[in-house]
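Work through the exercises below with the model open beside you. Try each task before you read its solution.

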Amino acid sequence: MATLRFLLKRFAAQRLLGLAVVVTLAFSVGVLVAGPIYAEAAREAILSSELAGAAPTVKNARFQVFGDDSFDWGAADAVITDRIESLPLLDTVRQGLGTVRLGSPAGPSVTILAREQLEEHLDIRGQPPGEGEVVLHAGVAQLLGVRVDDQLAVIGPTGERITLSVVGTYVSPRGNDPYWFGSQSPFPAPDSTQPQPALVGIDTLGRATQEIELTTQYSWDAFLDLAGVPFEQVSRVPDDIGRIFSILQGETDPGLSSITLVSGLDTLLEIVRQRIADLAVPILLVVFQIGAVTLAVLAGVGALALTRQAFELAVLHSRGFRRGLLLAAQASQAVFVAIAAFPLGLLLGMGLAALASTANGPDLPGVSFPIRLNAAGQQLGLVAAVIGCFILIGLSMPYVSRTILEERRAASREDRPLLARVPVELFVLPLGVFAFLQLRTGTGPEAGSGEVDPLILVAPTLLLFGGSFLALRLLLLVFRALDTRIGRTRHLSRYLAGRRVGRSPGTGFAAALLLLLSMGLLVVSTSYRAIVLRNHEDAAHAQVGADWRIDVTPPDDILSVIERMPPLTTAVVRTEPRLESGTFNLPPIALGIDPERHAAAGWWREDFSETPLQEIMRRLETPPFGMTLPVPTATLTLEIASSEDVRNLRIAATGVNASGFVRTAPLEPVGRGLTRYELALDAAVRLLSITIHRTSLDSPDEVTFEVRSIEADGEPISLEGWEPLTWRGSAGSVEPEGAGVRYEMESGASDVIGGIVPGSDPLPVLVSPGIASADGPIFPATLGGQELELDPVVGALQFPSMIPNAPFIVLSGPALLERAAAVPEPGLVLNEVWAEGDRDPIPLLRADGLVPGAVARTAPIEGFLAQLPQSLALGMNFVAAAGGAGLVVVGVAAGLYFAQRRRDYEFAALRAMGTAPGQIVRTLALEQVLLLGFAVVAGLGLGYLLLRLMMPYVGPSLSVAYPPPVFLMDWTSLGIALGAILGSTAIALSLSSRALLRASVTGVLRGEAE
């Protein structure tokens, strides 16, 4: 008991050192505890991510059976409902499907649908269907010519019929409502010609099945409530579903022997298990490598504490205390430290795991990442505490054997530390080189597979460990080589700092080694994370094109819409060009963008093209298409002499006004011979085209037009430079003739069969290598039915939103739409809007008259990628390395403070000889700049070199398949770490300098006399 009181008093007296040892051991425990906690939470995150993104047919269960007029639906429903109640149900929805004819035997064949709660998921105009009632799709009702309250005959396959009352109509539901059970939805696809279903109640369908002899498909959709359910419980659900299915197949009385099951939950869980397996090894590697660093810090802080206890242990041993008794006392102290550190370590482990859960990227909505203390974490933490306890006991063994004389002799000298004498790099570096060669020559995981090659984490760690020892050993060798030159210097601080670093680095060597190692690991781990998160952003943007991509239906004034697009949005035209030459594995895509707005609203990566984006946009700019009219023109007057055969032909002109509204004049019949035409243009400022239309297929294929004169509100204008319209096969020639032109038309295969348009230069385009080469020859392409000349002015390997390696053409969207507007016939339209930023642009687009459709976003894609195994592993790697670096910083600061305090005799002697306080401070600072400054710089340099060395293997192991990752360093995290190092070092040095300079010179010298 006396010994215990003594230990407690000593621990309290050395409270700062005791606290440092407890905190260091607690952090070692916490790092190891965080691994199992994070792994379990990551497993739940992977599961919830897969469930959130899975289709309803995958994460739920549908039991379905076919029944005829003899099928007892009530009995079957009772049995199935009773059996599936044991499942974790969110809801059960019953459904019936059959096929009937409406109105008459010759009427349309449609699906008759009964589904519970359908009125909550459909826009029904009228009443939901009740007994003997039916609700029709608005299009079907119009086709049949029926209205609400009409009676409608429903005819079965045998000709039997029943009459139902029409009580309402509905419009097609949105396709992404999970209520309709995904791909098992009873509604045909939007592009299908199949009629939409007729809706009835369950009882009505049962009666129809019996009375008109239908064969009905009955379904019971079990929507499972698995959100937040632990993986162990969810993993039992597929077996429960299979057991229920087997039992139902044995129910012959209600006719369920032919029942089938639709569910993909077992496959989903198999994917989750595979991803969990891919995640386990990287997390364990991360935990153990950072755990090793923290235990090394513990050994350093424990050794520092023992140097403070060494004198009293030597006094006790000299007074007759046995070594075993002293070792038992030290062991008791170590056990006390472990007991105090263990619960604190558990809390730190949970905190680190929680922090790591936020470091892997953005989460999908509904993804659960529960941080819970588990048995595996407690056991691993207990092992860490025991190991830490043995480390502290092992460090004490040399000190309990010394007498007071041996201790004073050891205190008056300082040998090189053991780590500086043992060539550790000779053992570690070959292992690191071997691991790197295995990574280089081995068969690693495919990019995007989700697997993480352990060597991507092991190889740089081993190389960094060996490189750290080698770098510090080279530093000491350099200072020993400079020993003579250092001895000749007249600057006291340089002399003392240089001699100490070269001859007796002591505690500084261990601190520098740990700092170098931790900084190197921090560079690699933070950069891995930054590279992967950037790769996720790039992958999502490469797929979408911007933060948002919205399919739209534009209003009539397309050109004016482009001019008034909301901020951070841009209009896009997507179409498939038809090229006269070339063979492509994938169909080419043409993208019309707005060069003025695309840079602000679209995404781009510099390695897609050698030309900067701003220069690309500048090269794609084109002047406005059309002929500028002298005044805003209301009436265009033409005198044209036509051929004799002009049957069924009409003429029109198209212009655009100052607001961007395109106006096509009403069609005028084409007359034989010389005819005067007056075409209304509604204040047009540019003339886009003069077109020839046909009203019947019985029209001439070739016609000659001589345009004698043309006036805009009475002012003559010239058609010089105009060209024939090339629209869906139309061709011809335009030649000057007198004051006008002669147009020989060759008819095309459309309502607009010809015309003339103002001349324009070929459209500048950005092309992929498979289409043409930059600055190559001009080539023709048909875009939206109009043949245009394209000039490849710049090239790119890829463009956002394109399929990787697919051929593409990018050109000015406004220029393309202006040329399309010159043809008064449906053609190219603005069909996409891209937008940047977090704000939803859809309300703004609606306000501008655009009708939004399907929406693609980058945020959900990034959220899904954040739950991949490599992302989750890197989250833990980042937090563990950052936390380890933080602990090393604290350990280094504590070591500096207490180690410098032990040099009070040295500096008291210097002060007695007249050394100025400033010289002492400069000496201390210079020592740390030489050792710790070198450690920081070398750590950053080694980390950078290793990152460059590992970069070719980062892509396949850590990133998604496309696009390839780019080299990146997380300067924010590194800056924070450097700031912490500078701040803690400055504080430790200032406190130790203050204590040294305030100490009594005579008292110190008298007390240190040997």
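A residue is called buried when its relative accessible area is under 20%, and exposed when that area is over 50%. Keep in mind that this model is predicted.

**Exercise 1. Work out which faces of strand 9 are covered.**

Step 1. Locate strand 9 at residues 216-224.

Step 2. Recall a rule. In a regular strand the side chains alternate between the two faces of the sheet.

Step 3. Sort the residues by side. T216, Y218, W220, A222 and L224 lie on one side. Q217, S219, D221 and F223 lie on the other.

Step 4. Apply the cut-off. The residues on both sides are all buried, so both faces are covered. The count is 9 of 9 residues buried.

**Exercise 2. Find the strands that pair with strand 9, and the bridge partners of R62 and V93 in it.**

Step 1. Take strand 1, residues 61-67. It pairs with strand 9 in the antiparallel sense, over 7 bridges.

Step 2. Find R62. Its bridge partner in strand 9 is D221.

Step 3. Take strand 2, residues 89-102. It runs antiparallel to strand 9, and 8 bridges join them.

Step 4. Find V93. Its bridge partner in strand 9 is D221.

**Exercise 3. Check the span of helix 7 against its number of residues.**

Step 1. Helix 7 covers residues 231-249, which makes 19 residues.

Step 2. At 1.5 Å a residue, the expected span is 27 Å.

Step 3. The end C-alpha atoms are 28 Å apart, which agrees.

Step 4. Now list buried residues of helix 7. Among them are F231, V234, S235, P238, I241 and F245.

Step 5. Relate this to the turn. An α-helix has 3.6 residues a turn, so residues three or four places apart point the same way.

**Exercise 4. Classify the ring pair F181 and F223.**

Step 1. Know the two values to use. A pair of aromatic rings is described by the distance of the centres and the angle of the planes.

Step 2. The whole structure holds 13 aromatic pairs. In the pair of F181 and F223, the ring centres are 5.7 Å apart and the planes stand at 80°.

Step 3. Planes over 60 degrees apart count as edge-to-face. The pair is therefore edge-to-face.

Step 4. Place the rings in the chain. F181 is in the loop between strand 7 and strand 8, and F223 is in strand 9, 42 residues apart.

Step 5. Check burial. F181 has 0% relative accessibility, so it counts as buried. F223, at 11%, also counts as buried.

Notes. Residues are numbered from 1 along each chain as its sequence is written. This is a predicted model: local features need pLDDT of at least 70, side-chain atom pairs count only at pLDDT 80 or more; totals for chains, interfaces and linings use all residues. Side-chain values use heavy atoms; hydrogens and water are left out. Buried means under 20% relative accessible area, exposed over 50%, partly exposed in between (1.4 Å probe, protein chains only). Helices (H or I, at least four residues) and strands (E, at least two) are DSSP runs, numbered from the N terminus. Two strands pair if DSSP finds at least two bridges between them. The expected span of a helix is 1.5 Å times one less than its number of residues. Rings of Phe, Tyr and Trp (its six-membered ring) pair if their centres lie within 6.5 Å; planes under 30 degrees apart count as stacked, over 60 as edge-to-face and the rest as tilted.
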